[in-house]
Amino acid sequence: MLLIPSYKRSQQLKVAASILLIVVLAATSYKLYNNYAKIQIYTKAEAAYSANDLIAAEELFHQARNNTWFRYKEAEISKALLQLKPVTDIKSSLQSITSRADQAAKELDIEALISSYNDYQKLKKDTTAQEADTSFSSVFTEMLSRYKTGEQFTISFISFREQLSKDLQTGINKHKFSDETVSAFLQIPAAYFGDNKQREQEIQTKLTEYDNARVGALAGAKKFAEMLAEGVRLQQFYQDKAVDPAWLQPIIEQYTLDLLAKKLTDQDIKGFIELAKQFEANKPASIAGPKVAAYIQTAINQQFTQADQLAKNNNYKDAIAAYIELGNYKDTTQQQQDTELKWAANEPGYLLQKAMPDQTFTFVIGGKTGGNTFGNAAAGNAAGNAVGNASGDPSDSTSGTSNTSATSGNAASSNQLGAVIYAAGITEGGKLVWAGWMPDMSIATKEVLIDKSLTIKNMTIAYNISLQGNPTLILEASSNSRKSRFAAFEVDEKSTLTLLFDIEADGFQMEQPGLMLVDHPAGHDGEGQVSGNGESNWDGDGEDQGQGQQAYFKYSNGQYIFSEIKKDFVDIPLSDLNKYQNIKIRFTAAIVEVFENTAVMLFNGEYIFLSSNITFQVGDASIIGTWTSMGEIIIDEQTYPTYNMDIVSLTQ
């Protein structure tokens, strides 16, 4: 079936054909235009290149190459662009640097700005070297002028410098400090301060104030160690940035000296030493300088001098306390020990208190190895003034009350069972205590409980009573029948003190170790000893056979016991009396009658009258005494001659 187009359909086709025609004509026209434009651009590019306008030539050749509507001089364009590649590279780099610098300035990113600046400086250096050997001598300069890269950096860095200066001051005011701010400030090139000298001056001015506030905040908070550590850290921080922080050392030094001086002013030696140790531990010599180290050493030396002077002035307690404090800086063990030993030597009670802090002592004596005996009574001066005195120094024998001699003092005091210093005393509870300070500074003690009924008058120490040469403590107490009661205790290897004798007598002296001569002993037959457990078994009933006599006591089975009477008289018959005036004699006679203090004795049918200061009784008598003079007595109006006699012993 044959179809005939309608009119409407016909019109649509006509319109479509017209549009297609217009498009074809337009495309043809545009292509013709671009062909013409490419030819024109190429022509201009060649002209610019020939005129050595390399920047314009590079841009025009790129435009020509980018026109791809038809191919025209493509080989020539490629060759030209290859020759102009340095220009393209410089252009691309400057565009990138300028863009990055602009972005860094907007974001206040100093690191990015410095990075772009460094790239700029490198490009400038490399390009300058390249231009010296090529025909591109003015390219870089022209591009800088076109893109205003230098002006951009100037504006950015000056803006950063102003902002960072404000940030530094804000940190000072608010005590909020930032290394990032300092680091950024240090990275600003010298050109944007004026020159290197101006940069260094401004850096020193700004950072002196900033670091002074930073360190001062720690010093004000008394964070000494943190302050020193911050000084060390800041020095390393600046060194890492190739900056010499000349301002830092004076700051750390002054704050360090101020804090140390404050401790000394407050007499806080412990605190001073703590700071000194912290200073030395932080090894900040290069930070705070040798001035601080010298100050510390001078102050420490002064403290040692003061402590030494306290010890020299016998202010031992304060001296030891000072040495203990100084011991926190360096070992003062030796000074403490020397002072304690000197204290104990001069005040033996100190040693006893160290040994038994809860006790109170009386009759304290003491001494040191190879030295004198110290205390309330020099060793042996319980003796008084008879044969000699126990200390070996006659000046020590003034306070005795009885005749006693026991060698002591310098000659023998080296035997203290190894003790450097010794002391002895009696506690309120009735314990006799010996204490010895040993070379290793330990304290050895020995003790014994003594008879509480004793009324102690004195205590001394002797060395010739013990057969082993051990020190012997001699107690002198009151006696009802003699001048004194003496008890001697040996300091030996036993855990307690060993009793050597307990006698009542007018005195005693050592003939030799193991042999003692006792003056007028009471109960010398062995009664009246103090037992080893310290309890007295003295009964007071010992036979008083020693009246007016001296007796030997010998060492036997651990104690001194009576041996024999010492004869210091001449035995005579009564008939020889006239031959022995002023000579101590012993004789026997029969007393037939007594007139007051005169005895009538019958001898060979004659009467002899004997006068004395004792009471006679009728009966046989053994008499010891000395005829001193003649006298007379009247009996029934008749006068008789008498022999006046000092009688020391009468036995009936």
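Q: Where is His175 found, relative to helix 7 and helix 8?
A: This is a predicted model. In it, His175 is found in the loop between helix 7 (149-174) and helix 8 (179-187).

Q: What makes the phi of His175 worth a remark?
A: Its sign. Phi of His175 is near 55°, and that value is positive in a residue other than glycine. Most residues other than glycine have a negative phi.

Q: Which loop holds Leu108, and what is its phi?
A: Leu108 lies in the loop between helix 4 (85-107) and helix 5 (110-131). Phi of Leu108 is near 55°, again a positive value in a residue other than glycine.

Q: Why is Leu108 called exposed?
A: The cut-off for exposed is over 50% relative accessible area. Leu108 has 55% relative accessibility, so it counts as exposed.

Q: How many aromatic pairs does a search of the whole structure find?
A: The search finds 21 aromatic pairs.

Q: Why is the pair of Phe185 and Phe193 called edge-to-face?
A: Two values decide. The ring centres are 5.8 Å apart, and a pair needs centres within 6.5 Å, so the two rings pair. The planes stand at 85°, and edge-to-face needs over 60 degrees, so the label follows. As for exposure, Phe185 and Phe193 are buried.

Q: Which residues form one aromatic cluster?
A: The members are Tyr117, Tyr120, Phe153, Phe157 and Tyr192.

Q: How do you know that Lys277 lies over the face of Tyr329?
A: The distance from Lys277 to the ring centre of Tyr329 is 5.9 Å. The distance limit for a charge over a ring is within 6 Å, with a second condition of within 35 degrees of the ring normal. The pair is listed as Lys277 over the face of Tyr329.

Q: What is the distance when the charged end of Lys330 sits over the ring of Phe304?
A: The charged end of Lys330 is 4.9 Å from the centre of the Phe304 ring. That value fits the limit of within 6 Å.

Q: Which residues form a nonpolar patch on the surface?
A: Val592, Leu602 and Tyr607 form it, with about 290 Å² of accessible area together. Tyr607 lies in strand 18 (residues 606-611).

Q: Why does Tyr607 count as exposed?
A: Its relative accessibility is 54%, and exposed means over 50%, so Tyr607 is exposed.

Q: What makes Arg485 buried?
A: Buried means under 20% relative accessible area. Arg485 has 8%, so it is buried. This residue lies in strand 9 (residues 484-490).

Q: Why is the link between Arg485 and Asp502 called a polar contact?
A: The two side chains meet at 2.8 Å. The limit is within 3.5 Å between N or O atoms, so the distance qualifies.

Q: Where is Asp211, and is it buried or exposed?
A: Asp211 is in helix 9 (residues 196-220). Its relative accessibility is 0%, so it counts as buried.

Q: Which side chains make polar contacts with that of Asp211?
A: Among them are Arg214, at 3.1 Å, and Tyr238, at 2.6 Å. Asp211 is also linked with Asp179, Arg214, Glu230 and Arg233 in a network of salt bridges.

Q: How many salt bridges does the count come to?
A: The count is 16 salt bridges.

Q: Why is the pair of Asp268 and Lys263 called a salt bridge?
A: Nitrogen and oxygen are 3.5 Å apart. The cut-off is within 4 Å, so the pair qualifies. Asp268 is partly exposed, at 28%. Lys263 is also partly exposed, at 25%.

Q: What makes Glu476 and Lys457 a tie between parts of the chain?
A: Their salt bridge has its closest N and O atoms 3.8 Å apart. Glu476 lies in strand 8 (residues 472-477) and Lys457 in strand 7 (residues 456-462), so the bridge ties together parts that are 19 residues apart in sequence.

Q: Are Glu476 and Lys457 buried or partly exposed?
A: Glu476 is buried, at 1% relative accessible area. Lys457 is partly exposed, at 31%.

Q: Why is Lys579 called exposed?
A: Its relative accessible area is 62%, and exposed means over 50%, so the label holds. Its side chain meets that of Asp576 in a salt bridge, 3.6 Å from N to O.

Note on methods:
Residues numbered from 1 in each chain as written. Predicted model: local features only at pLDDT ≥ 70, side-chain atom pairs only at ≥ 80, totals over all residues. Heavy atoms only, no water. Phe/Tyr/Trp six-rings, centres within 6.5 Å; stacked < 30°, edge-to-face > 60°. Buried < 20%, exposed > 50% of the residue type's maximum accessible area, 1.4 Å probe, protein only. Patch = residues over 30% accessible without salt bridge, like charges linked within 9 Å, V, L, I, M, F, W, Y side chains within 5 Å. Areas by Shrake-Rupley, 256 points an atom, 1.4 Å probe, with all protein chains shown as cover. Helix = DSSP H or I, 4+ residues; strand = E, 2+ residues; numbered from the N terminus. Polar contact = N/O pair within 3.5 Å; in protein donor to acceptor, adjacent residues only side chain to side chain.
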